[in-house]
Amino acid sequence: MKALRNVIILIFGLFLLALAGCGKRAGEAGKAKEGMVFYRSLGAKIKGLDPVQASDVASNIVISQIYEPLLQYSYLERPYKVEPCLAAAMPTVSKDRLTYIFKIKKGVYFQNDPSFTATGGKGRELTARDFVYAFKRLADFKNQSTGWWIFNGRIRGLDEFRRISRQEKGKTNYNLEVAGLKALDRYTLQIKLKKPYPQLLYVLTMSYTAAVPREAVEYYGEEFLNHPVGTGPFKLKDWIRGSKIILVRNPKFRKEFYPAVGEKGDKELGLLDDAGKRIPFLDRIEISIILEEQPMWLEFINGQLDISGIPKDNFDSAIGADRNLTPEMKAKGIKLWKRPLLQINYIAFNMDDPLFTHNKLLRQAISLAYNEKRVIKMFNNRLIPAVGPIPPGIKGYEKGEVNPYRKFDLGKAKKLLAKAGYPAGKDREGKQLKLTYEAAGTDITTRQRADLFVDDMKRLGIEVDVVYNTWPSFLGKIRKRQAQIFGLAWGADYPDPDNFMNLF
């Protein structure tokens with residue numbers, strides 16, 4: 001049994017990915033027999049809980065409660081500010097900006113786990129060597145980490161380690177020295193770069209770089225992704241595949257405290273009422289995997305979830321003409337939070353596909369035929385038209401004229417399609433041009449959005465077949481470059497334009 005109180009809706013979805021974890025308060029929760037419990041949902045299945053595969057939002061939300069990196073973001077401060085997490089302080093940096101030295105917090109322990117055979121299952125103390133090992137795991141070619149890009153070409157000797165791991169048969173030798181990664185002593189980590197890397201402190205907040213105990217990886221082998229062992233505020237208690245994940249408070253979590261500094265207005269909103277109190281406040285987090293928005297919304301309205309985004313089909317029943325909560329929603333004790341996401345949504349071409357590789361005119365025609373206004377309307381006018389790859393809120397965003405091939409112009413699109421060799425959507429032999437669109441999900445909203453794209457292309461003269469995928473299978477196709485056209489979103493890993501330009 002639990003009571004629904006102080007519920008928060010995020011009108012634009014979840015908080016920025018990088019802000020989750022490292023002992024942060026998850027939100028208000030209902031009281032239950034298990035203590036203070038927070039109930040939430042995820043709209044995608046979790047593929048695994050290994051930090052080196054922490055590429056998607058859903059997995060990261062869970063991983064970041066169990067594992068911790070060197071640095072984190074000051075939770076309430078804006079603009080975004082990096083601060084120590086497992087580091088004892090911000091690093092000392094050489095004048096040439098090539099050497100970073102981190103002092104590691106003393107008295108931080110991994111959770112108890114059978115993999116610590118030398119101590120009878122008691123979690124041992126964190127050391128600098130754990131980060132050396134974790135960074136090597138990220139570089140290990142055999143792990144096929146989606147996060148290698150953050151260190152690729154950056155750290156002295158790490159690219160060579162990756163090359164050797166690719167060439168070697170069998171297990172990778174983690175005892176190989178890497179010139180740019182040294183544990184100078186038990187609590188001192190040295191990182192040496194090939195060239196200045198202004199975004200290094202940002203990437204060291206990411207789950208990819210979280211401390212991982214070697215004992216657990218070697219003990220569980222291929223099953224390590226199902227047996228997370230971290231230093232964070234929570235640990236995995238139960239995982240019912242495709243259904244529910246239960247996290248419980250990690251009794252070995254060190255003393256950390258709720259932030260005392262925020263941005264203007266936080267005090268009035270009550271966000272600093274708990275300043276200085278020990279965290280986490282929660283005893284348990286129950287995460288339900290709910291792939292469809294309507295069942296998720298019903299559970300929220302019925303008091304089974306403590307947080308929810310607003311599905312587009314329920315927007316008018318929750319939000320009034322003044323763009324605030326309706327009286328009925330306020331009467332339930334629900335609170336509304338409005339925050340823009342540092343995210344872009346886009347439709348992409350597979351440039352390895354011969355159809356697109358050398359046919360710029362075709363790509364331009366498809367872009368001109370895409371009517372984004374219909375998509376914005378479908379989402380209750382909560383979306384902002386993109387003017388480039390950098391979203392509002394990130395330095396480098398420039399509001400102004402968009403690329404001329406980003407404006408909807410069906411007439412011009414048809415002319416370019418003809419110049420591309422497909423007048424009226426057919427080639428010289430009269431064969432119909434057909435494309436395949438890969439959708440990242442099977443829910444109603446994803447289907448409706450795909451339908452809009454199909455209709456846009458039909459008006460242009462192109463037929464489109466839609467393939468609906470589970471999230472893991474979709475990511476697999478993208479990684480193997482097997483998707484022809486696909487829709488995807490990129491949420492900022494860190495608040496720097498470099499993160500969005502990396503897409504190219």
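Me: I'm looking at Lys-81 in this predicted model. Is its side chain buried, partly exposed or exposed?
Reply: Go by relative accessibility: partly exposed sits between 20% and 50%. Lys-81 comes out at 41%, so the label is partly exposed.

Me: Which residue does Lys-81 pair with in a salt bridge?
Reply: For any salt bridge, look for a Lys or Arg side-chain nitrogen within 4 Å of an Asp or Glu carboxyl oxygen. Here the partner is Glu-77, with 3.9 Å between the closest N and O atoms. Glu-77 has a relative accessible area of 18%, so this partner is buried.

Me: OK, what's the N to O distance for Arg-124 and Asp-130?
Reply: That salt bridge spans 2.5 Å. Asp-130 is buried, at 4% relative accessibility.

Me: And where do Asp-455 and Arg-459 lie?
Reply: You'll find both in helix α13, which covers residues 444–460. They're four residues apart, or about one turn of the helix. Their side chains form a salt bridge, and the closest N and O atoms are 3.0 Å apart.

Me: Are those two buried or exposed?
Reply: Neither label fits, because values from 20% to 50% count as partly exposed. Asp-455 is at 25%, and Arg-459 is at 45%.

Me: Which residues are linked in a network of salt bridges?
Reply: Try picking out Glu-68, Lys-105, Arg-254 and Glu-256; salt bridges link them into a network.

Me: How many salt bridges does the structure hold?
Reply: The count is 24.

Notes
Residues are numbered from 1 along each chain as its sequence is written. This is a predicted model: local features need pLDDT of at least 70, side-chain atom pairs count only at pLDDT 80 or more; totals for chains, interfaces and linings use all residues. Side-chain values use heavy atoms; hydrogens and water are left out. Buried means under 20% relative accessible area, exposed over 50%, partly exposed in between (1.4 Å probe, protein chains only). Helices (H or I, at least four residues) and strands (E, at least two) are DSSP runs, numbered from the N terminus.
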